[in-house]
Amino acid sequence: MLKHRIRKMSINRGWAALLYLVCVAGLSWGAWSYGYSQALGQLAARGEADLALASDRLVAGLLRYRATAVLLSDHPALAVLHAGGSQDDATQLLLETVDKTGALTAYYLNDRGDVLAGSHDGGVVSFVTSPFFQRAKDGALGAGHGVSDLFDRRAYYFAAPSFAENGRVRGVLVVAVDIDTLEQEWRASRPAVFFSNESGEVFVTSRSELLFWKSVLGGFVDPKGEVLSVDRRQEHGFEMWHQNLSPYVPKKAMYLKQPLPVIGMTGEALLDIGPAQRLAGLQAAVVAALCLGLGAFLLFAGTRRRALAKANLVLESRVKARTSDLENANFALRREVVEREDAEAALRKAQAELVQAGKLSALGQMSAGISHELNQPLMAIQQYAENGEAFLVRGRPEKAGENLARISGLAARAARIITNLRAFSRNESEKMGKVDLVAVIQSAVELTEAHLRNDDVALIWEPTATGGPIYALGGEVRLSQVFVNLINNAADAMTGQDRKRIEININSGPQLSVTVRDCGPGIADPERIFEPFYSTKEVGEGMGLGLSISYGLVQSFGGIIRGANGPEGAIFTVELDYWRDDGDAAQAVPVAPPAIPLSLSGNTAKYKKDRA
């Protein structure tokens, strides 16, 4: 015994250690997840700041040249060109402006797009079709970008209109900004930043290998036409890119973007999330180390405590070996078992007597109606006997024979009523077996027929609607007692009402069930409806045992009985098992002998004929 307890303690320690390691792993994962989320938030904040700084540098650098174009467009040296003035002065002005501001080039054109003066000679591309030139012709400031054919360099263009005295646009000053010069300030800096136009083409970038790449659905297309895929995912509320665009671009990066409507571009950045992962891993390692250290301390303390507990168990086993407490306890336990068995036997006997009392109580309630049912055939027998005697005296034996046949039928009817009552009140035992559920319900209907007729209760029950017998597992008489109780309770519940109706239906689906519905006031407390001695009737009209007994009877058949409130009144449902002829259906449950169904109704007669 002691070794078994020690072995059990060792097994429990092993499970506890395994559970602790699982908890440590879960806590470490939680620390990593939380730390990773926090690190990503900080990384995003820094990345947004870096992207905003790079965007501000680019925008500020470009807008400086926009101001130059606006201020220089109305210069007198350019205005005289429209009056046939010297072109040399205008050319010198544009050349000095380019040298002082660092612009790529500058041109002054008339409203037809002809170049009147420029800072550089030769190879001038016409700006007539350019959107920024057309915008300047309309009197607004135009802007655009592209590759300069003269210098084969990326340029950003500002076109400022020059107005005549009548307010019309007479010329346009175009200033080209060298993008390469602006990029030199932050090229190769972290993070990887690029600016793309409305078509998704990268025009400005801190990574030269990404220049002129075009963003498409699912990746990028490089200038050679090769498609490089990008796997975009959402992690902790941020967009992550898994890609292999360049050795200088992190393979797993956080993607940020910032619209720049002033220059018609979108700033984008790819942030390396490696530092965030390493920081989260470090935090998880610290948490795991602390938990494992605490676990080691607890293990050491637990080892000492278990050693003391082991010594205590040894001592207790020696003490118990020298006492007779266990024998006394066993003796007391056996005596208690005997007492409990006696109590259970007495309880079963009381339950059986209670069931019998319930049946006799139901018979007492139906006695007046049953007496009437017996009195009618007896009185008819007397009348037919007197008539038969008179027919014999008159020499009409055929009429006397008809009366004798009627007397025989009435006597058989009285005999069936008495047989059914004797079977219902009998307290015999038999094994639970095959029961015709339709016949059982019909027997209950016949037993309660006088009660229902006296109370003007309309009963809706069609035994022929089932199409024949339906066999269930149970006992005929006790199952009949259940339905007698349900019908009588339904009739009593509708006392004092103008409209009284009871409906009985059999559902022969996958689950065999019988429903008994009434149009009474319903169940006041459905939770207590099957408790013993619970009744809503007046004092002296019932003991409150009918439904409790019915509950126990249905359970003894392996079934279920439920009570609930329906749209118009109470609904009681009895669920039973189908009879299966497999040798295992019959169980040793005491039930009364089967009741003999009897009725004078047309439906019942047809049902008996169908069964025969």
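Reader: To start with one residue, how does glutamate 449 count at 30% relative accessibility?

Author: In this predicted model, glutamate 449 counts as partly exposed, because its relative accessibility is 30% and the buried class ends under 20%.

Reader: Which side chain does glutamate 449 meet in a salt bridge?

Author: Glutamate 449 meets the side chain of arginine 453, with 3.8 Å from N to O. Arginine 453 is partly exposed, with a relative accessible area of 39%.

Reader: Where do arginine 453 and glutamate 449 sit, and what separates them?

Author: Both belong to helix H10, which covers residues 449–454. They are four residues apart, so about one helical turn separates them.

Reader: What follows H10, around aspartate 456?

Author: Aspartate 456 is in the loop between H10 and strand E15 (458–460). With a relative accessible area of 65%, aspartate 456 is exposed. Its phi is near 55 degrees, a positive value in a residue that is not glycine.

Reader: Why mention the sign of phi?

Author: Because most residues other than glycine have a negative phi.

Reader: Back to the charges, then. How many salt bridges does the structure hold?

Author: The structure holds 13 salt bridges. One of them joins glutamate 568 and arginine 501, whose closest N and O atoms are 2.9 Å apart.

Reader: Which parts of the chain does that pair link?

Author: It links distant parts, 67 residues apart. Glutamate 568 is in the loop between strand E19 (560–565) and E20, while arginine 501 is in strand E17 (residues 501–508). Glutamate 568 itself is partly exposed, at a relative accessible area of 45%.

Reader: Which residues are joined into one network by salt bridges that share partners?

Author: Arg153, Arg154, Asp178 and Asp180 form that network.

Reader: And what is the salt bridge partner of aspartate 114?

Author: Aspartate 114 pairs with arginine 112, with 3.5 Å between the closest N and O atoms. Aspartate 114 is partly exposed at 39% relative accessibility, whereas arginine 112 is exposed, with a relative accessible area of 59%.

Reader: A change of topic: how many aromatic pairs does a search of the whole structure find?

Author: The search finds 11 aromatic pairs. In one of them, the rings of phenylalanine 132 and tyrosine 157 have centres 5.2 Å apart and planes at 10 degrees, so this pair is stacked.

Reader: Where do phenylalanine 132 and tyrosine 157 lie?

Author: Phenylalanine 132 lies in helix H4 (residues 131–137) and tyrosine 157 in strand E4 (residues 153–163), so the pair ties together parts that are 25 residues apart in sequence. Phenylalanine 132 counts as buried at 7% relative accessibility, and tyrosine 157 counts as buried at 9%.

Reader: What kind of pair do phenylalanine 203 and phenylalanine 212 form?

Author: Theirs is an edge-to-face pair, with 6.4 Å from centre to centre and 75 degrees between the planes. Phenylalanine 203 is buried, with a relative accessible area of 2%, while phenylalanine 212 is partly exposed at 29%.

Reader: Where in the chain is phenylalanine 212?

Author: Phenylalanine 212 is in the loop between strand E7 (202–205) and strand E8 (214–216). Although phenylalanine 212 is not a glycine, its phi is positive, at about 70 degrees.

Reader: What does valine 147 touch, leaving out residues up to four places away in sequence?

Author: With those residues left out, valine 147 touches Asp152, Arg153, Arg154, Tyr157 and Phe212. Valine 147 lies in strand E3 (residues 142–148) and is partly exposed, with a relative accessible area of 38%.

Reader: How far is valine 147 from aspartate 178?

Author: They are 31 residues apart in sequence and 9.8 Å apart in space, from C-alpha to C-alpha.

Reader: Which residues form an aromatic cluster?

Author: Phe194, Trp213, Phe220, Trp241 and Tyr255 form one cluster.

Reader: What lies over the face of tyrosine 471?

Author: Lysine 434 does, at 4.1 Å from the ring centre.

Reader: Lastly, which residues make the nonpolar surface patch of about 440 Å²?

Author: Ile11, Trp15, Leu18 and Val22 make that patch. Valine 22 has its place in helix H1 (residues 2–72).

Methods
Residues are numbered from 1 along each chain as its sequence is written. This is a predicted model: local features need pLDDT of at least 70, side-chain atom pairs count only at pLDDT 80 or more; totals for chains, interfaces and linings use all residues. Side-chain values use heavy atoms; hydrogens and water are left out. Rings of Phe, Tyr and Trp (its six-membered ring) pair if their centres lie within 6.5 Å; planes under 30 degrees apart count as stacked, over 60 as edge-to-face and the rest as tilted. Helices (H or I, at least four residues) and strands (E, at least two) are DSSP runs, numbered from the N terminus. Buried means under 20% relative accessible area, exposed over 50%, partly exposed in between (1.4 Å probe, protein chains only). A charge sits over a ring if NZ of Lys or CZ of Arg is within 6 Å of the ring centre and within 35 degrees of the ring normal. Patches are made of residues with over 30% relative accessible area and no salt bridge: like charges are joined within 9 Å, nonpolar side chains (Val, Leu, Ile, Met, Phe, Trp, Tyr) within 5 Å. Accessible areas come from the Shrake-Rupley method with a 1.4 Å probe; for residues, only the protein chains shown count as cover. A salt bridge is a side-chain nitrogen of Lys or Arg within 4 Å of a carboxyl oxygen of Asp or Glu. Contact means heavy atoms within 4.5 Å.
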